[in-house]
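You asked for a quick read-through before you dig in yourself. Here are my notes, point by point.

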Amino acid sequence: MSASFDKVTTLDLGERLLNAGLLTEPQLELARREQRLRGQPLSKVVVDLGLVDPERVAEFLASQTATERVSLTPDLIDPTAVELIPKSLARELRLIPLRLEDGGLTVAMADPSDIRAIDRVRQLTGLPIRIVAATERDIFDQLERLDDHVEDIQESIDQIIATREKEAQIYGETGPDLEELAESTEGEAPTISLVSQIIKRAVERGASDIHFEPEQRLMRIRFRIDGVLQPDVLIPKTVMPLVIARLKVMAELDVSENRVPQDGRASVLVGRRVYHLRVSTLPTAYGESVVLRILTSSAEFLNLSRLGMAEDVEAAIREAIERPYGVLIVTGPTGSGKSTTLYAILREVCTGERSIFTLEDPIEYRMQGIRQTQIREEVGLTFSAGLRALLRQDPDIMLIGETRDTETAQLMVRAALTGHLVFTTLHTNNAAGAIPRLIDMGVEPYLLPDSLIGVLAQRLVRKLCPQCQQLVENPEQILEDLNVTPPEGTPVQLWAPGGCMRCGNTGYRGRQGIFELMMMDHRFHQPIVRRAGAPEFMRLARAGGMRTMFEDGIRQALLGVTTVQEVLRVTRCVTE
């Protein structure tokens, strides 16, 4: 979709943001005053001041100019196209060329309504220009990534490993002072460079975790990408103690202690973005295993409409979060996308008219307009203690990161009964299991019918790479073997993963949620009070029209989003 600048209103950006409810009068006045001091575009100023989330600004500008909104990833960018515009000019104009196609140039811009920038690019390239919208942060991140890839990263890592191996041989079997080397602040210190390169590689590949796995003769590095561990570099045994020491220093752990597990936190800068790391060490037979969980400091916030929910499920969720009070539970195992769903919900309800608080461990994403509290059990700030304090802060909406214990569960339900809207997570296999779990945690059954709105269970499946997916022969037989009847009027087509450079030859790129939503109604009251089991609640939910996660996954497979094998992989324990 190309930009349609004739449709852009004659009002300046500030007035348009004000009319859209994204800014208040005092905020606009502050932003304009800062704009005059900085001499920068208003769209950049409101983001820098934290007045509007960058994703919302990008979406707003895209809608105002009728342009497509994109999230920039390396596979979207053709280096040949980037070279058409000097990077210094691209930074000045806050844009990046993406690709050459159909005789024109597609360009991502932070402000698609900047006519002067568009004219400058058109004059410089002599090509027709197609505009898409992206955040300034994404644009600058990709420009810096391209700058940093002048030399091959793998070659750089190999050189660092070779250097460190020689140094380790010089020091002998005992090695140098690990703590002294790991704490070195010299930018060229080999161990620091090696660890930084590994973390950077993981971030650029979209990994959620980095595994440093000691073996008898080497250390294996693996990245969890789209929920699946994938191998990366191998590190010689002689280098392994230095890498572990560096990771411990980053996380402020005891470098000299290798007999007990340790947990810590660290922050790193990759490009223009801060990433927080949760660091966990564990003694094993061949040395310490270290796992880094990667958390961004600001979310690529998704709207509910982008989570992949079926229309009726999304509509029911939207109706639920408009209620004045009650509890909405999102359930699933670790890594099933619960946080992403809850942050998308918070974004929907964060309108500036209600007081919103969160209790989290950890705070995974920072959100504008929401007061977020980090749980710190070592000083007594547990979920239950935080919830008691939070209730004195006059909240309208509360997010409790996880309901872990009896006191938290009881306080949460009573908060809902006293007029608060509460969102939380539980670890259960499916939606129906949430009710018995709450009762087992000590919540009185008679309190649940009036407080519980619904339970959303979910899993994540890998999405097929659109560049290499392949049609499956005889899909009817596959569905018949699974005893699945496709919806009437739906073409019976299934796809299989192929493998190409864009998806790392895995056939998959990105992940997608599959959901089951159990909404409470009068039919559940008596079974809850008499403490019925999960099968009874599942029967009632199915009678009310609920699709299971497996059925929702098959719906996604028939749409070409994922594969039947992926659906079975993440739901087998639920369906068996």
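**Notes on the model**

1. Let's begin with a sanity check on one helix. Helix α2 covers residues 25-38, which is 14 residues; at 1.5 Å a residue that should span 20 Å, and the end C-alpha atoms are indeed 20 Å apart, so expected and computed values agree. Just after α2 comes Gly39, with a positive phi of about 70°.

2. Now the overall picture. Keep in mind that this is a predicted model. The protein has 576 residues, and 52% of them count as buried. You'll find 23 helices and 19 strands in it. If you take the contacts between residues at least 6 apart in sequence, 65% of them join residues at least 24 apart.

3. Have a look at the open sheet of 7 strands. Its order is β13-β12-β14-β15-β11-β16-β19, and the pairing is mixed. Why is one side of β13 and of β19 left without a neighbour in the sheet? β13 (371-374) and β19 (508-519) stand at the edges, and each has a single partner strand, so nothing in the sheet flanks the other side. From one strand to the next, the twist averages 20°.

4. Inside that sheet, β14 (residues 397-400) and β15 (residues 421-426) make a handy pair to look at: they are parallel and share 4 bridges. To find the pairing on screen, pick Ile400, whose bridge partner in β15 is Thr424.

5. Two helices go with this sheet. Helix α15 (residues 383-390) packs on it, touching β12 (356-360) and β14, and its direction makes about 165° with that of β12. Helix α16 lies across β11 (326-331), β14 and β15, running at about 150° to β15.

6. Is α15 mostly covered or mostly open? Mostly covered, with 6 of its 8 residues buried. Those are Phe383, Ser384, Ala385, Gly386, Leu387 and Leu390. Their packing partners are β12, β14 and α16.

7. Next, the cores. The largest nonpolar core has 44 residues, and those with the most contacts inside it are Met412, Ile435, Leu438, Leu448, Met518, Phe524 and Phe537. Helix α16 (residues 406-417) gives the most to this core, namely 6 residues. Apart from this core lies another one, of 32 residues, including Leu194, Ile221, Val239 and Leu247.

8. Phe524 deserves a click of its own. Leaving out residues up to four places away in sequence, Phe524 touches Met518, Met519, Phe537, Leu540 and Ala541. Met518 and Phe537 also appear with Phe524 among the residues with the most contacts inside the largest core.

9. Strand β10 (residues 287-296) is worth a stop too. It has 7 of its 10 residues buried, so the rest of the structure largely encloses it. Which strands pair with β10? Strand β5 (residues 207-214) runs antiparallel to β10 and is joined to it by 4 bridges; in β10, Leu292 is the bridge partner of Ile210. Strand β9 (residues 273-284) is also antiparallel to β10, with 10 bridges between them. Ser280 stands opposite Val291 in β10, and a hairpin of 2 residues connects β9 to β10.

10. How many disulfides does the structure hold? The count is 0. One pair of cysteines may still catch your eye: the sulfur of Cys500 is the nearest cysteine sulfur to Cys465, at 3.7 Å, and Cys465 is in no disulfide. The cut-off for a disulfide is sulfur atoms within 2.5 Å, so a separation of 3.7 Å does not qualify. Cys500 is likewise in no disulfide, and its nearest cysteine sulfur is that of Cys465. Both residues are buried: Cys465 has a relative accessible area of 0%, and Cys500 has 16%, which counts because buried means under 20%.

11. Last, a residue in the earlier part of the numbering. Arg91 sits in helix α6 (residues 87-93). Is Arg91 buried, exposed or partly exposed? Its relative accessibility is 28%, so Arg91 counts as partly exposed. Arg91 and Glu136 are 45 residues apart along the chain, while their C-alpha atoms are separated by 9.2 Å.

Notes. Residues are numbered from 1 along each chain as its sequence is written. This is a predicted model: local features need pLDDT of at least 70, side-chain atom pairs count only at pLDDT 80 or more; totals for chains, interfaces and linings use all residues. Side-chain values use heavy atoms; hydrogens and water are left out. A nonpolar core is a set of buried Ala, Val, Leu, Ile, Met, Phe, Trp, Tyr and Cys residues joined through side-chain atoms within 4.5 Å. Buried means under 20% relative accessible area, exposed over 50%, partly exposed in between (1.4 Å probe, protein chains only). Contact means heavy atoms within 4.5 Å. The expected span of a helix is 1.5 Å times one less than its number of residues. Two strands pair if DSSP finds at least two bridges between them. Axes are lines fitted to C-alpha atoms, for helices over the stretch in contact, and angles run from 0 to 180 degrees between N-to-C directions.
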